[in-house]
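Please read these points with the structure open beside you, and look up each residue as it is named. They are written for someone meeting a model of this kind early in their studies.

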Amino acid sequence: MPSSAPLTVTVAQPVCAEPGRPDTVSVNVERHAEAVRAAGTRLVVFPELSLTGYDLAAPAVDPADPRLAPLVEACAATGALALVGAPVREVGGPESIATLAVTGEGAAVVYRKMRLHGEGEPDRFTPGEKPVVLELDGLRLGLAICADAADPTHAEETAALGIDAYVASTLYGPGAAQAERRDGHCRARSTAHGVWVVLSTSAGLTGVFPDSSGGSGVWAPDGEVVARAGTAAGDLARAELTRR
């Protein structure tokens, strides 16, 4: 029987290393590991392309890459599952913008972005084929990456699979208009489907973007914000997802 206890979750917006350096991924992995240890929650969610920053020229990351070891070790030490973002390549096949699930046992691709955005993403990447639900301690988590969450039909397709929470890793630009857009998307998804919305979004520098919104948060099924990070890189916000 699954536990009746709430699922503890942290939305993280770590300081992102400068893009294009030989150590970009290694530095970001260390910062992810620090965030996981500081969070102390069962689930820790990171922004879109968090391991590389939003740099569409960054090489694909292999889930078996030994550079991920510090993050795997942090998850083992805390019992956490971390959802992180990276470009990935299928063996002998196409590349995707992906979410990796990292535990104390290693990393695996669990979701590929379906709604590619702008000109650069479709030029390099292939969209994911279907929505995905990840089950954690008895809760069903529907996964989304950035433009997925901006399209209400993606949430509809995901919610049709039966979910307790819609979990999105995103990037929004700085400024009041983008913050309003971010919050509107989350409030609309939560109230439309009666589910928790968990959003991790970048803050400050990410890849080729010199600034981004921050303001990661958790929305209750009635659309109310129950946890909110600030606009600064490095901020965390924690919440408990109660079970329906």
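1. By class, the residues lining the largest cavity of this predicted model comprise 7 nonpolar, 7 polar and 1 charged. That lining is made of 15 residues, and those that lie nearest the centre of the cavity are Pro14, Cys16, Pro47, Ser202 and Thr206. The volume of the largest cavity is about 80 Å³, and a search of the whole structure finds 3 cavities of 30 Å³ or more.

2. The largest pocket should be considered separately from the cavities, and it holds about 270 Å³ of space. Its lining consists of 17 residues, of which His117, Cys146, Leu171, Tyr172 and Arg181 are the closest to the centre of the pocket. Two elements, α4 (147-150) and α6 (176-193), give two or more residues to this lining, and α6 gives the most, with 3 residues. When the lining of the largest pocket is divided by class, there are 8 nonpolar, 4 polar and 5 charged residues.

3. For the second largest pocket, the volume is about 200 Å³. Here 13 residues form the lining, and Glu90, Arg112, Pro127, Gly128 and Glu129 are the closest to the centre. Which strand gives the most to the lining of this second largest pocket? Strand β5, which covers residues 106-112, does so with 4 residues. The classes in the lining of the second largest pocket are 6 nonpolar, 3 polar and 4 charged residues.

4. Two packed helices are described by the angle between their axes and the distance between the axes. In this model, helix α1 (residues 24-39) packs with helix α2 (residues 69-78) at an angle of about 10 degrees, and their axes are 8 Å apart. Because angles under 35 degrees count as roughly parallel, α1 and α2 are therefore roughly parallel to each other. On the α1 side, Val29, Glu30, His32, Ala33, Val36 and Arg37 take part in the contact, and on the α2 side they meet Pro70, Leu71, Glu73, Ala74, Cys75, Ala77 and Thr78. Sorted by class, the contact of α1 with α2 has 8 nonpolar, 2 polar and 3 charged residues.

5. A last point concerns the confidence of the prediction, where the average pLDDT of the chain is 97, and 98% of the residues score at least 70. Among the elements of the chain, the lowest mean pLDDT, 96, belongs to helix α3 (residues 120-124), whereas the highest, 99, belongs to strand β2 (residues 43-45).

Terms used:
Residues numbered from 1 in each chain as written. Predicted model: local features only at pLDDT ≥ 70, side-chain atom pairs only at ≥ 80, totals over all residues. Heavy atoms only, no water. pLDDT = per-residue confidence, 0-100. 1 Å grid on protein atoms, 1.4 Å probe; cavity = no way out; pocket = protein on both sides within 12 Å on 5 of 7 lines; lining within 4 Å. Points joined across faces, edges and corners; volume = space filled by probe spheres on them. Nonpolar A, V, L, I, M, F, W, Y, C, P; charged D, E, K, R; others polar. Axes fitted to C-alpha atoms, helices over the stretch in contact; angles between N-to-C directions. Parallel < 35°, antiparallel > 145°, perpendicular 65-115°, else oblique. Contact = heavy atoms within 4.5 Å.
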